[in-house]
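Trainee: Could you take me through one part of this model in close detail? I'd like to hear how the pieces there fit together.

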Amino acid sequence: MLDADAELIDERIAVTGDLVATVRELMTAAATSELAPEELEAIRGELAVLAARLAERSRPTPLRQHLDLAAIDRVRAGASWPLWRHNPLAIPLDVRVHDGVASADLVPGPLYEGPPGSMHGGLSAAVLDSLLAVLAQVQRRRVVTVGLQVSYRAAIPLGAPVRLVGRIVGTEGRKTTAVGEILLPASGPGQPETVAVSAEALLVEIPGAPD
Ligand SMILES: CCCCCCCCCC(=O)SCCNC(=O)CCNC(=O)[C@H](O)C(C)(C)COP(=O)(O)OP(=O)(O)OC[C@H]1O[C@@H](n2cnc3c(N)ncnc32)[C@H](O)[C@@H]1OP(=O)(O)O
C-alpha cells in the first residue's frame, strides 16, 4: 500500500470516529430534547438533508478498525482498543488488557435505559460479550461467541460510572471460556465494588487470522 493510501485510510478512520461520536450526542439530544414541536420539526428537516448528503457515497457496513495481529501487539504492549468507535448503534468501549485481565470504563447514558432509570440487560450482555471477545482475540485467536450466560444481580443506574472486567478461565482445543463482570463503584473507602452483572462466555475459534 502506498503511504498516501495509508494516510487517507487513517484520516478516514479518525474523522469517521469523530463524526460518529457527534452522531451519538445527536441521538441522545434527539431522544431527550424538550424543545417545542415546531423547532423539533425544523431540526428534523435539517438533519434529513445531512443524512442524504452522507449517503451520497456509502459502504455496505460500518467502517471498522481491525483487531489484526499488529493491533493485538499494540494492545499487548499497553495500548487500549477503541471498540465500536465507528458504529453509533453499539456502545463504544476503550478496552485495556493488563496481566490477562480486560477492563473498560463506562458511564451508561440515557439511551441505554431498560427498566426506568437503569441499564438495559441486553446492552449489559452486549458490552460483556464484546469485552470478552476482544480479550480472547488478544490471545491471537479469531473467535466468535457460541454461548453467553448472564446473571443480573443489581440494577445499574444511568449516569454513574461502572467498570467492566473480564478474564479467561479455560481453553480447550478451539474453545475458550471467559468470565466478566460489570462493577458498581464502592460505596465508600475500604468498601468493595458491587457486582451488578456477571457473565460467562464460550468462544470458539474460527479459521483465519484475527481481524
Ligand atoms: C474486534 C474483535 C472484537 C469483536 C467484538 C464483537 C464480538 C462479538 C462476539 C459475538 O457476539 S460473535 C456473534 C455471535 N456468534 C455467532 O455468530 C457464532 C455462530 N456459530 C457459528 O458460526 C458456528 O457454530 C461456529 C463456526 C462457531 C462453530 O461451528 P463449527 O462447525 O466450526 O464447529 P463445531 O460445531 O464442531 O463446534 C466446535 C466446538 O464448539 C462447541 N460448540 C459450538 N457451538 C456451541 C454452542 N452453541 N454451545 C456450546 N458449545 C458449542 C462444539 O460442541 C465443539 O466442541 P468440541 O470441540 O468439544 O467438540
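Mentor: Let's look at the strands first and then at one arginine. This is a predicted model, where local features need pLDDT of at least 70, side-chain atom pairs count only at pLDDT 80 or more, and totals for chains, interfaces and linings use all residues. Residues are numbered from 1 along each chain as its sequence is written, and side-chain values use heavy atoms, with hydrogens and water left out.

Start with β2, residues 93-98 (strands are DSSP runs of E, at least two residues, numbered from the N terminus). Leu93, Val95 and Val97 make up its covered face, while Asp94, Arg96 and His98 sit on the uncovered one. That fits the usual pattern: in a regular strand, side chains alternate between the two faces of the sheet.

β2 pairs with β1 (residues 81-83) in the antiparallel sense, over three bridges (pairing takes at least two DSSP bridges between the strands). There, tryptophan 81 stands opposite valine 95. β2 is also joined to β3 (residues 101-106) by three bridges, again antiparallel, with histidine 98 partnered by valine 101. β2 and β3 form a hairpin with two residues between them, and aspartate 99 in the turn has a positive phi of about 50 degrees.

Now for arginine 24, in helix α1, residues 3-32 (helices are DSSP runs of H or I, at least four residues). Leaving aside residues up to four places away in sequence, arginine 24 touches Trp84, Arg85, Asn87, Pro88, Ala90 and Pro92 (contact means heavy atoms within 4.5 Å). A polar atom of the arginine 24 side chain lies 2.8 Å from the backbone oxygen of tryptophan 84.

Methods
Polar contact = N/O pair within 3.5 Å; in protein donor to acceptor, adjacent residues only side chain to side chain. Buried < 20%, exposed > 50% of the residue type's maximum accessible area, 1.4 Å probe, protein only.
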